[in-house]
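This report describes selected features of one protein chain, arranged by topic. Please consult the sequence and the coordinates alongside the text.

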Amino acid sequence: MADKVLVYSRFPKSMIARFAERFELLDTRGQPAQEVFSADELGSVRALLTAGGSPLDTDAMDLFPKLGAIVCYGTGYDGVDLEAAAARNIAVGHSPGANAASVADIAMTLMLATTRRLMVADQYVRSGDWATSKPSPMMRPQAGMPGRRIGVYGMGEIGRKIAARCAAFESEVGYFSRSKYDLPYQYFPTLEALADWCSVLMIAVRAGAATQHVVNADILGRLGADGYVVNISRGSVIDQKALLAALIDKTIAGAGLDVFEKEPHTPDALTALSNVVFSPHIGGHTLESQVAMQNCVLANLTAFFEGKPLPYAVKSA
C-alpha cells in the first residue's frame with residue numbers, strides 16, 4: 001500500500017503528478033481539510049505537502065494527530081508555525097535554492113522592464129504613437145545599468161544570484177543581510193543605509209515576523225525620486241499602502257512586483273499605475289525549477305517514510 005500524503009494547498013495537477021506516482025495523495029484542492037476528508041482519514045495522515053506561504057498553525061496541525069512531516073513545495077516556509085511543529089516533533093522540509101536561478105531571472109526582468117519603462121514603450125508602439133512621431137515625456141532617455149547602484153536586501157541563494165547578474169550588467173552592487181559574507185560586494189550594516197546608497201532595491205529576504213512591512217515609507221523615501229523597488233520574495237515585506245502612496249506622489253520612480261500582500265488580489269489603484277510592472281508570482285515557474293523543487297519534495301517525503309531525517313529540512317526555527 002502506498003504511503004499517504006495530504007495535499008494541504010491548492011496545486012495544479014501538473015505540478016504534483018510525479019508525487020502521485022509514488023504516494024497516495026489526499027488532495028484538498030485548497031479547501032479546508034476537515035471539509036474534504038473525515039476525521040478518521042485526517043487522523044491517519046503522517047505527511048503533509050503544502051505551499052510555503054499557506055497558513056499552517058497550531059489549530060491546523062491539531063487536525064492531524066499522527067502528523068510527522070510538513071513538506072513545503074518551494075523555498076519558502078513562512079506560513080508554517082515552526083514552534084508549533086517543533087513542539088509536536090513534526091519535521092519541516094522545503095526546497096532550498098531549487099528555484100533560485102529562476103527567481104533571480106524574474107527579478108532582473110522586472111528591474112529592466114521597470115527602469116527602461118518597457119510596458120510604456122510597448123504601448124507607445126502598439127498605439128501607433130511611435131509611427132506618427134507623437135511626442136511622449138515617458139519616452140525620454142532613462143539611466144542604464146552600467147554604474148547603477150543596486151542594493152540587494154537578503155543575501156541567500158536568490159540574493160547571490162541576483163547580485164551576480166547585476167554585476168554582469170556592470171552595475172555596482174551592495175547588500176544588507178543578517179550576516180556579512182565574504183563576497184565582492186559592498187556590505188551595509190542596516191537596511192536604511194543600503195536604501196540611502198542604492199537606486200534600485202531588490203528584495204530577496206525571507207518573509208517572517210521580523211520582515212513584516214520592513215520596507216516602509218521611510219525606506220522608500222530613502223530611495224528617492226529616481227529610485228526603484230523590485231520584490232520577488234513575499235508581499236508581506238513591503239508596506240503596500242506606503243508603496244502605493246510613494247508611487248502616486250513620485251516619492252520613488254517605479255516598482256517591479258512579482259508578489260503581493262493578498263494574492264491573487266491586487267488593489268486597482270496599484271494596477272492602474274504606469275510606473276509599475278507586474279508578474280503573477282511566477283518567479284519560480286520555469287520547467288527546470290519545478291523539476292528541482294519536485295526532486296526536493298520527493299527526497300524529503302521518501303526519507304520521512306523510510307524513517308530517515310529529511311535531507312532538505314528547514315534549519316532555522
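## Internal cavity

The largest cavity has a volume of about 40 Å³. The model is predicted, and a single cavity of 30 Å³ or more is found in the structure. The residues lining the largest cavity are Asn231, Gly235, Ile238, Gln240, Leu243, Leu257, Val259 and Phe260. Two of the residues named in that lining, Gln240 and Leu243, also appear among the buried residues of helix H11.

## Helix H11 and its surroundings

Helix H11 spans residues 240-248, and its buried residues are Gln240, Ala242, Leu243, Leu244, Ala246 and Leu247. These buried residues pack against two helices, H10 (217-223) and H12 (268-271), and against the strands S10 (228-231), S11 (254-257) and S12 (276-278).

The N-terminal end of H11 is capped by Asp239, which places a side-chain oxygen 3.2 Å from the backbone nitrogen of Lys241. Just after H11, Lys250 adopts a positive phi of about 65°. Lys250 belongs to the loop between H11 and S11. Its relative accessibility is 55%; because the threshold for exposed is over 50%, Lys250 counts as exposed.

## Second largest pocket

The volume of the second largest pocket is about 420 Å³. Its lining comprises 25 residues, and those nearest the pocket centre are Arg117, Gln142, Tyr228, Ala253 and Asn275. Helix H6 (100-115), helix H7 (118-126) and H11 are the elements that give two or more residues to this lining. The largest share, three residues, is contributed by H6.

## Aromatic and cationic contacts

Eight aromatic pairs are found in a search of the whole structure. In one of them, the ring centres of Phe23 and Phe305 are 5.7 Å apart and the ring planes meet at 35°; this angle is neither under 30 degrees nor over 60, so the pair is classed as tilted. The pair connects distant parts of the chain, 282 residues apart: Phe23 is in the loop between helix H1 (13-22) and strand S2 (24-27), whereas Phe305 is in helix H13 (residues 287-305). Phe23 and Phe305 are both buried.

One aromatic cluster is formed by Phe11, Phe19 and Tyr73. A cationic side chain is also placed against a ring: Arg160 lies over the face of Tyr181, 4.5 Å from the ring centre.

## Ser95 and Met293

Ser95 is located in the loop between strand S5 (91-93) and H6. Its relative accessible area is 0%, and Ser95 is therefore buried. Apart from residues up to four places away in sequence, Ser95 touches Cys72, Gly74, Thr75, Met293, Cys296 and Val297.

Met293, one of these contacts of Ser95, lies in helix H13. With a relative accessible area of 4%, Met293 is likewise buried. When neighbours within four places in sequence are set aside, Met293 is in contact with Tyr73, Gly74, Ser95, Ala98, Asn99 and Gly284. Gly74 is thus listed as a contact of Ser95 and also of Met293. Along the chain Met293 and Met15 are 278 residues apart, while their C-alpha atoms are separated by 9.8 Å.

## His285

Which residues does His285 contact, leaving aside its neighbours within four places in sequence? The contacts are Ser102 and Gln290. His285 is situated in the loop between S12 and H13 and has a relative accessible area of 49%, so it is classed as partly exposed. His285 and Leu6 are 279 residues apart in sequence, and the distance between their C-alpha atoms is 23 Å.

## Backbone exceptions

Most residues other than glycine have a negative phi, and most peptide bonds are trans. Against that background, His213 has a positive phi of about 55° although it is not a glycine. His213 is placed in the loop between strand S9 (200-203) and H10, and at 27% relative accessible area His213 is partly exposed. Lys250, described above, is another residue with a positive phi that is not a glycine.

The peptide bond joining Glu263 and Pro264 is cis, with omega of about 5°. Pro264 is found in the loop between S11 and H12.

Methods
Residues are numbered from 1 along each chain as its sequence is written. This is a predicted model: local features need pLDDT of at least 70, side-chain atom pairs count only at pLDDT 80 or more; totals for chains, interfaces and linings use all residues. Side-chain values use heavy atoms; hydrogens and water are left out. Rings of Phe, Tyr and Trp (its six-membered ring) pair if their centres lie within 6.5 Å; planes under 30 degrees apart count as stacked, over 60 as edge-to-face and the rest as tilted. Helices (H or I, at least four residues) and strands (E, at least two) are DSSP runs, numbered from the N terminus. Buried means under 20% relative accessible area, exposed over 50%, partly exposed in between (1.4 Å probe, protein chains only). A charge sits over a ring if NZ of Lys or CZ of Arg is within 6 Å of the ring centre and within 35 degrees of the ring normal. Contact means heavy atoms within 4.5 Å. A polar contact is a pair of N or O atoms within 3.5 Å; within protein, one must be able to donate a hydrogen and the other to accept it, and residues adjacent in sequence count only if both atoms are side-chain atoms. On a 1 Å grid over the protein atoms alone, a cavity is a set of points where a 1.4 Å probe fits but cannot get out, and a pocket is an open set with protein on both sides within 12 Å along at least five of seven lines; lining residues have an atom within 4 Å of a point. Grid points are joined across faces, edges and corners, and a volume is the space filled by probe spheres set on the points.
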